[in-house]
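Student: I would like to go through the terms used for this structure. For each one, tell me what earns it.

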Amino acid sequence: MIYFKLPFDECLHSADEKAYKNVVNFYSYNSLIQIGFHGNIIKVDQEEFNNTQITSESLINDMTNFTAETKEEYCNTLQQVIEVIKENDLPKLVYSRRKIFTDFNIIDYKESFKNLCQSYPNAFRYLFNDGENAWMGAFSEVLGKFNKVTHEFETMALAGTLPVLEEWSEKEIEEQKPVTTYIQNILKNYSGQIQQSQTYDHISGNIKHLRTDFKTTIKPEDLDKIIKDLHPTPAVCGIPKDFCNENIRKYEKFPREFYAGYIKVETEESILYFVNLRCARLYKDSVHVFVGGGITSQSDPEKEWAETELKSEAILKNLVIS
């Protein structure tokens, strides 16, 4: 079962399982695990969806035995990460954690998903359960968008996070610059002409990011290569990619699973790729909310903790609990 809405589109979609082609694919952060939903993309009748029951009761129990990091543990580890950044003169390294929520009897996931859709109209919003894995999320970063007719390819550099009403500081501005440069350098390998926008504010619920858009034309056979080159972007990993990935495995307490991976959706006209942030893995008796942040030499562990708490609200504030 999968339900999803595309950015700025309130039509509810699903996959009808009537064909062998995969139309929605979820890729794990390390790209080693994939979950696909096959068939044709269909519109779901809203009244029919309203009569559907999707609750935590239908999910499997949490058998992970994971215990979430305390604030003290997080800050201590983050201080070590900051030392690695300083010692190696890194522009940025992304560190993440899980917030594990268990304070409920039943969660109505149909109503929770409806809340999420209303809160993030500019995001790719989804809810799925394949029997073993159940996830829900909403995020608006586009890893790639390819037009099958014109061969136009679009992507974006998204970095820096603040509450909507706060002003950007040097830390966030400097964090976004290497992300932009990284994407420029990848696209130059595939096209001689790249259009780049000015950097502007990208609002996502209660927080904002700095965003720069890119547009170019590529050969269709290069699409998979570009996506592999772009993922994981500095926004979810850091720079340089291999060194940061090595340290993510070393310092992060939990595997990322599908968090910070990407989602591929193929329609008649386009192939769309979305970064899977602001998401949670769902269980019968718990919700694992994944949150992270771009760490630089200027980062303050207390402020980074507060930022991840703010990001966790994207999921938690929309849960319908009893």
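Tutor: A cavity is a set of points, on a 1 Å grid over the protein atoms alone, where a 1.4 Å probe fits but cannot get out, and its lining residues have an atom within 4 Å of a point. The model is a predicted one, in which local features need pLDDT of at least 70 and side-chain atom pairs count only at pLDDT 80 or more, while totals for chains, interfaces and linings use all residues. Residues are numbered from 1 along each chain as its sequence is written, and side-chain values use heavy atoms, leaving out hydrogens and water.

Student: Which residues line the second largest cavity?

Tutor: Its lining is Ser96, Arg97, Arg98, Glu252, Lys253, Phe254, Pro255, Arg256 and Phe290. Strand 6 (92–101) contributes the most to it, three residues. The space amounts to about 60 Å³, a volume being what is filled by probe spheres set on grid points that are joined across faces, edges and corners.

Student: How do you know how many residues of that lining are nonpolar, polar and charged?

Tutor: Ala, Val, Leu, Ile, Met, Phe, Trp, Tyr, Cys and Pro count as nonpolar, Asp, Glu, Lys and Arg as charged, and the others, Gly among them, as polar. The second largest cavity therefore has Phe254, Pro255 and Phe290 as nonpolar lining residues, and Ser96 as a polar one. The full division is three nonpolar, one polar and five charged.

Student: How many cavities does a search of the whole structure find, and how much space lies in the largest?

Tutor: Two reach 30 Å³ or more, and the largest holds about 180 Å³. Its 21 lining residues include Thr161, Ala235, Leu277, Arg278 and Lys311, which lie nearest the centre. Strand 11 supplies the largest share, four residues, and the lining divides into eight nonpolar, six polar and seven charged.

Student: What makes a space a pocket and not a cavity?

Tutor: A pocket is an open set, with protein on both sides within 12 Å along at least five of seven lines. The largest pocket here contains about 460 Å³. Of the 23 residues lining this pocket, Pro7, Val142, Lys145, Glu154 and Phe274 lie nearest its centre. Strand 10 (142–147), strand 11 (152–163), strand 14 (207–217) and strand 17 (270–275) each give two or more residues to that lining, which has nine nonpolar, seven polar and seven charged residues.

Student: Why is Gly36 called partly exposed?

Tutor: Buried means under 20% relative accessible area and exposed over 50%, with partly exposed in between (1.4 Å probe, protein chains only). Gly36 has 32% relative accessibility, so it counts as partly exposed. Gly36 belongs to strand 4 (residues 34–38); strands (E, at least two residues) and helices (H or I, at least four) are DSSP runs numbered from the N terminus. Beyond four places in sequence, Gly36 touches Asn22, Val24 and Asn25, contact meaning heavy atoms within 4.5 Å.

Student: And why does Glu313 count as partly exposed?

Tutor: Glu313 stands at 33% relative accessibility, so the verdict is partly exposed. Glu313 sits in helix 7 and, apart from neighbours within four places in sequence, contacts Asn206 and Asn318.

Student: How do you know that the buried residues of helix 5 line one face?

Tutor: In helix 5 (residues 223–230), Leu223, Ile226, Ile227 and Leu230 are buried. Seen down the helix axis, they fall within an arc of 100°, so they line one face of helix 5; the arc is that of the directions from the axis to the C-beta atoms. Helix 4 (170–188) and strand 16 (262–266) are among the elements covering them.

Student: What is buried in helix 6?

Tutor: Cys244, Asn245, Asn247, Ile248 and Tyr251 are buried. Their arc is 170°, so they too line one face of helix 6. Asp242, Arg249 and Lys250 are exposed on the other side of helix 6, and the cover of its buried residues includes helix 2, strand 6 and strand 15 (238–239).

Student: What makes a set of residues a nonpolar core?

Tutor: Its members are buried Ala, Val, Leu, Ile, Met, Phe, Trp, Tyr and Cys residues joined through side-chain atoms within 4.5 Å. The largest such core has 68 residues, of which Val24, Phe26, Tyr126 and Phe153 touch the most other members. Helix 2 (residues 71–87) gives the largest share, seven residues. Another core, of 28 residues, lies apart from it and includes Tyr3, Phe104, Cys117 and Val287.
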